[in-house]
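Trainee: I would like to learn how to read a model of this kind step by step, moving from the overall fold to single residues. Could we take one feature at a time?

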Amino acid sequence: MKTRLASGEPDRGVRGVVADVGRAEQVADILKAVAHPLRLRIVATLCAEEISVNALAARLGASQAIVSQQLRILRMHRLVEAVRQNGHASYRLLEPRLRDLVRCVEGCARTGG
């Protein structure tokens with residue numbers, strides 16, 4: 001029997017990971033890329049808006065250099081991209097399904113100690 005999502009569509013993602021080692025490695029790489037606390041916060045911020053490095057650093061309370069370093073890692077995984085206009089760069093999600101991932105992991109997080 002095929003697994004179906006709440007929408008009624010076949011759940012190809014889970015089946016693909018189970019049946020395909022290469023697909024499992026790709027998904028694991030994405031999870032590793034967002035598994036760092038600051039990168040996760042960056043992705044969560046970018047889920048809501050396109051933002052500059054300086055504004056992102058200020059919002060997250062991190063240095064611009066550290067935020068830039070983490071953005072570079074996310075760019076290497078093709079999860080975010082820089083958009084340049086008038087000499088200024090801002091960042092946005094390149095992979096919109098990260099919104100679902102962030103919602104999912106936030107829902108999985110246990111509260112309290």
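The conversation below goes through the fold, the sheet, two helices, the core and some backbone angles.

Mentor: Please keep in mind throughout that this is a predicted model.

Trainee: Then let us begin with the inventory: how many helices and strands does the chain have, and in what order do the elements run?

Mentor: The secondary structure comes to six helices and three strands, and, read from the N terminus, the elements run α-α-α-β-α-α-β-β-α. Of the 113 residues in the chain, 24% are buried. If one takes the contacts between residues at least 6 apart in sequence, 45% of them join residues at least 24 apart. The chain exposes about 8,000 Å², and carbon and sulfur atoms supply 52% of that area.

Trainee: Turning to the sheet, what is the order of its strands?

Mentor: The three strands form an open sheet in the order β1-β3-β2, and their pairing is antiparallel. The strands β1 (51-52) and β2 (80-85) stand at the edges with a single partner strand each, so one side of each is left without a neighbour in the sheet.

Trainee: How many bridges join β2 to β3, and over how many do β1 and β3 pair?

Mentor: Six bridges join β2 to β3, while β1 and β3 pair over two bridges. On the β1 side, Ile51 stands opposite Tyr91 in β3, and Ser52 has Ser90 of β3 as its bridge partner. Tyr91 also has Ala82 standing opposite it, so to speak of Tyr91 is to speak of a position in β3 that faces Ile51 as well as Ala82.

Trainee: Let us go on to the helices. Why should I look for a buried side on a helix, and which residues of α4 are buried?

Mentor: The general idea is that an α-helix has 3.6 residues a turn, so residues three or four places apart point the same way. In α4 the buried residues are Val53, Leu56, Ala57 and Leu60. They cover an arc of only 100° around the axis, which puts them on the same side of α4. On the other side of α4, Asn54 and Ala58 are exposed. The cover over the buried residues of α4 includes α3, β1, α5 and β3.

Trainee: Which residues of α5 are buried, and what covers them?

Mentor: Val67, Gln70, Leu71 and Leu74 are the buried residues of α5. Their arc around the axis is only 105°, which puts them on the same side of α5. The face turned away from that buried side carries the exposed residues Ala65 and Met76. Among the elements that cover the buried residues of α5 are α2, α3, α4, β2 and β3. As for its length, α5 has 13 residues and reaches 18 Å from its first C-alpha to its last, close to the 18 Å expected at 1.5 Å a residue.

Trainee: How do these buried sides relate to a core, and which residues touch the most other members of the largest nonpolar core?

Mentor: In soluble globular proteins, nonpolar side chains tend to be buried together. Here the largest nonpolar core has 21 residues, of which Ile42, Val43, Leu46 and Leu71 touch the most other members. At least two residues of this core come from each of α2 (21-34), α3 (37-48), α4 (53-60), α5 (64-76), β3 (88-93) and α6 (98-108). The largest share, five residues, comes from α3.

Trainee: What does Leu71 touch, leaving aside residues up to four places away in sequence?

Mentor: Leu71 touches Ile42, Leu46, Val53, Leu56, Val80 and Tyr91. In that list you will recognise Val53 and Leu56 from the buried residues of α4, and Tyr91 as the residue of β3 that stands opposite Ile51.

Trainee: Finally, where in the chain does phi take a positive value?

Mentor: Among such places, Gly61 follows α4 and has a positive phi near 70°. Arg78, just after α5, takes a positive phi of about 60°, and this residue is not a glycine. Arg78 lies in the loop between α5 and β2, and at 65% relative accessibility it counts as exposed. Asn86 sits in the turn of the hairpin that β2 and β3 form with two residues between them, and has a positive phi of about 50°.

Trainee: Is Asn86 buried or exposed?

Mentor: Asn86 is exposed, with a relative accessible area of 77%.

Notes: Residues are numbered from 1 along each chain as its sequence is written. This is a predicted model: local features need pLDDT of at least 70, side-chain atom pairs count only at pLDDT 80 or more; totals for chains, interfaces and linings use all residues. Side-chain values use heavy atoms; hydrogens and water are left out. A nonpolar core is a set of buried Ala, Val, Leu, Ile, Met, Phe, Trp, Tyr and Cys residues joined through side-chain atoms within 4.5 Å. Buried means under 20% relative accessible area, exposed over 50%, partly exposed in between (1.4 Å probe, protein chains only). Helices (H or I, at least four residues) and strands (E, at least two) are DSSP runs, numbered from the N terminus. Contact means heavy atoms within 4.5 Å. Two strands pair if DSSP finds at least two bridges between them. The arc is that of the directions from the helix axis to the C-beta atoms. The expected span of a helix is 1.5 Å times one less than its number of residues. Accessible areas come from the Shrake-Rupley method with a 1.4 Å probe; for residues, only the protein chains shown count as cover.
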